Amino acid sequence: GINMPARCTCICSMAKRGEGRSMNLLETSNLLQMAGRAGRRGMDSDGTCVIVSTPFETEDQAAQIVLSEIKPIKSQFSPSYSLA
């Protein structure tokens, strides 16, 4: 990756493409990961995340995403002898 620090992140939609042509709301962990990109390590004490309102997501849906518990992460990584 490259180092491209940002003081502010802007989330323009709280939905992403799912299976086929469907649109699914973001998981809380996905939103927090995107918001966590705000703030430059070693330069800023904090960062700003702006969530833009769209006509496709309601305020209640946004609040649900932000306030929901984070689901546990299950790693798909499984070390094998070929990695050695």
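**Close-up views of a predicted chain**

**View 1. K71 and E27 pair up in a salt bridge, their closest N and O atoms 3.3 Å apart.** The term stands for a side-chain nitrogen of Lys or Arg within 4 Å of a carboxyl oxygen of Asp or Glu. The two partners come from distant parts of the chain, 44 residues apart: K71 sits in the segment after helix 2 (59-67), and E27 in the loop between strand 3 (23-25) and helix 1. K71 is exposed at 54% relative accessible area, while E27 is partly exposed at 36%. (Buried is under 20% relative accessible area, exposed is over 50%, and partly exposed is in between, with a 1.4 Å probe and protein chains only.) As a general point, side chains of opposite charge can pair when their charged atoms come close.

A word on the model: this one is predicted, so local features need pLDDT of at least 70 and side-chain atom pairs count only at pLDDT 80 or more, whereas totals for chains, interfaces and linings use all residues. Residues are numbered from 1 along each chain as its sequence is written, and side-chain values use heavy atoms, with hydrogens and water left out.

**View 2. R7 and D44 make a salt bridge too, at 3.8 Å from N to O.** Here again distant parts of the chain are linked: R7 belongs to the segment before strand 1 (8-11), D44 to the loop between helix 1 (28-35) and strand 4 (48-51), and their positions lie 37 residues apart in the count. R7 is exposed, with 51% relative accessibility. Searching the whole structure turns up 2 salt bridges.

**View 3. I51, V66 and L67 form a nonpolar patch on the surface.** Together they offer about 290 Å² of accessible area, worked out by the Shrake-Rupley method with a 1.4 Å probe, where only the protein chains shown count as cover for residues. Patch members have over 30% relative accessible area and no salt bridge; like charges are joined within 9 Å, and nonpolar side chains (Val, Leu, Ile, Met, Phe, Trp, Tyr) within 5 Å. L67 is part of helix 2 and is exposed, at 72% relative accessibility.

**View 4. The T54 side chain touches that of E57 in a polar contact of 2.6 Å.** Such a contact is a pair of N or O atoms within 3.5 Å; within protein, one must be able to donate a hydrogen and the other to accept it, and residues adjacent in sequence count only if both atoms are side-chain atoms. T54 lies in the loop between strand 4 and helix 2, and T54 is buried at 17% relative accessible area.

**View 5. The cysteines make 0 disulfides.** A disulfide takes a pair of cysteine sulfur atoms within 2.5 Å. For C12, the closest cysteine sulfur is that of C10, 3.9 Å away and too far for a bond. C49 is in no disulfide either, with its nearest cysteine sulfur, in C8, 7.2 Å off. C49 is partly exposed, at 30% relative accessible area.

**View 6. R21 sits in the loop between strand 2 (15-17) and strand 3.** R21 is exposed, at 83% relative accessibility. Its C-alpha atom is 25 Å from that of V66, 45 residues away along the chain. For the wider setting, the chain holds 2 helices and 4 strands, running β-β-β-α-β-α from the N terminus on. These are DSSP runs numbered from the N terminus: helices (H or I) of at least four residues, strands (E) of at least two.
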